Amino acid sequence: MDIVKAVQNYINKMVNEVPGIKVLLLDAETTPIISNVMTQSSLLSHETYLVDRIDNRNRDRMRHLKCICFLRPTNETIQLLVEELRDPSYGDYYLYFSNTLKPSLIERLAEVDEHEVVREVQEYFADYCAINPDFFSLNLSLQQHRLYDDSQNKWDSKTFRRVVEGVLAVLLSLKKKPLIRYEKMSVMAKQLATEVLYNIQSEGQLFDFRRTDTPPILLILDRRNDPVTPLLSQWTYQAMVHELLGIHNGRVDLSDVPDIRPELKEIVLSRDQDPFYKKNMYLNLGDLGANIKSHVEEYQAKTKSSMNIESIGDMKRFLEGYPEFRKLSGNVGKHVALVSELSRLVEKENLLEVSELEQSLACYEQHNNDLKSLQKLIANPKVSDDSKIRLTLLYSLRYEKSPNNDIFSLIDLLRHHGVSEHKISLIGSMLTFAGSDQRQDDLFSNESLLSKGRNVFKGLKGVENVYTQHSPHLSQTLEFLIKGKLKETSYPFIDGSTKDRPQDIIILMVGGVTYEEARYIAQLNESTAGVRIVLGGTTVHNSNSFLNEIQDAFYRFPSDGTGTKTPKFGKS
């Protein structure tokens, strides 16, 4: 179940099936799908000499070239394609769609093809962004796709349709017809599970795959059941880059970094194209620093040896090695710049001290110590307002039921130290969105002394350092699922049932997933024999995007009903 290979196979089929020199036309949504798994050079090796957007009407007319169109079958994109076919810029068109195409749309395209340039129409189900072999995103950023309608239990209708299509594409590309389970308390998860099942049954032929002894499982979860994981500072490479700088379709914008070299203002992070990144993406910052040092020393050794040229044979060997030497030096510069900026931000924002308290709040219950530590950090001018809010949110989620009403006093302290009302309002929004009454499971293991004790040992087991103690709630859910002990009363099947331990598990997190969870899945796939897991979400969150999504929703919700904007604190 390698989703990167699944998408690459579709793309390779497209470019290989169309012989000769060709153009690749994409739309706004298929562009990142392609760019996450293919490079310009790999496309060029298949004689694809130009990649452009179908909404670019200033393209040159090149009737001698063939054109591959890889598009999402939306009304907007179909309209652009209709306009293209009415006045074609290229000689032949091969149309590939990332999801199922309605018969009415096929008829419409046939009607406008007056120049008879369309040679082929196919559906290739690469309708999601494959980030890692076991990790994908539907790429639903807030600007284009709002998740919630007028309450936190109601899908935005357009986004809902897009998520259904994305999940179906993942299943079709992996050739899986699963049994579907969902979080019982999540209205949105149940609605998605019901609609996915309906579409699987409606598209019977598409899902006519060879039956397996153990049916695959599609598990639909809700971010609201674990609001803690997206709020934490991260200390492993991939997750840390996304938290502090942002990874957008495999690219990191460093243009605001002080004294950055022009060629490093935007860098690409690709497992396939960057062996160092692939090897180190899940390491913590300390181990990463040691490997960067070795990387630099290797580069230094190569530069010294290359300067000692005494014979024609030496020159030949140097010239033969030069492309690799040049590639290595560029890679060294990229990772040194990236790790240097991460280190600068850690120091600037006092993140070591902030993260230590975050981990304490996420993993243990020590009320008085946590309160004092939080009050101290709120008063510290070196700690950013965003960090102060994240810490207060973690405290509010853990101690929401405390009878002492500490949250009110913390809000007063935040105001006293100049934190804006806009940011402070997130505390009320978060408790309404994902407080204890909204969560299905016992996130902080507070139900009994036994579970508290288990939580302490869980925090200590296999800890690399004080900053990486937290395990996402997903780990507990999957542990039960893999052992065949996940309760059907809490995670029911939408149709059918099985007592078998699953071998293939596909997880979709409504409300976004994180790189911390992706790292956990990668480690689980590495260490667990006989089980293959793929994790995906509506988007990939860092703390900033997670809070922006909640804030945007609550500003649009009505002021009564499930979208109340004035929740009560300190419930007993």
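**Strand β9, helix α5 and an enclosed cavity**

Strand β9 is joined to strand β12 (residues 504-510) by 6 bridges, and the two run parallel; strands count as paired if DSSP finds at least two bridges between them. Helices (H or I, at least four residues) and strands (E, at least two) are DSSP runs, numbered from the N terminus. The model is a predicted one, so to speak of local features takes a pLDDT of at least 70 and side-chain atom pairs count only at pLDDT 80 or more, while totals for chains, interfaces and linings use all residues. Residues are numbered from 1 along each chain as its sequence is written, and side-chain values use heavy atoms, with hydrogens and water left out.

Within the pairing of β9 and β12, Ile217 has Ile505 of β12 as its bridge partner. Strand β8 (residues 179-182) also runs parallel to β9, joined to it by 4 bridges, and here Arg181 stands opposite Leu219 of β9. Together with helix α7 (residues 187-202), β8 and β9 make up a left-handed β-α-β unit. A crossover is called right-handed if, with the strands pointing away from the viewer, the path from the first strand over the helix to the second runs clockwise.

As for burial, β9 (residues 217-222) is mostly covered, with 6 of its 6 residues buried; buried means under 20% relative accessible area, exposed over 50%, and partly exposed in between (1.4 Å probe, protein chains only). One side of β9 holds Ile217, Leu219 and Leu221, the other Leu218, Ile220 and Asp222, and both faces are covered.

Helix α5 (residues 103-112) has Leu105, Leu109 and Val112 as its buried residues. Seen down the helix axis, these fall within an arc of 70 degrees, so they line one face of α5; the arc is taken from the directions from the helix axis to the C-beta atoms. Turned away from that buried side are the exposed residues Pro103, Ala110 and Glu111. The cover over the buried residues of α5 includes α4 (75-86) and β4 (90-97), going by contacts, meaning heavy atoms within 4.5 Å.

Then there is the empty space inside. The count comes to 3 cavities of 30 Å³ or more, a cavity being a set of points on a 1 Å grid over the protein atoms alone where a 1.4 Å probe fits but cannot get out, with lining residues having an atom within 4 Å of a point. The second largest has a volume of about 80 Å³, and its lining includes Thr229, His242, Tyr515 and His541. Helix α8 (237-244) gives the largest share of that lining, 3 residues.

Definitions and conventions
1 Å grid on protein atoms, 1.4 Å probe; cavity = no way out; pocket = protein on both sides within 12 Å on 5 of 7 lines; lining within 4 Å. Points joined across faces, edges and corners; volume = space filled by probe spheres on them.
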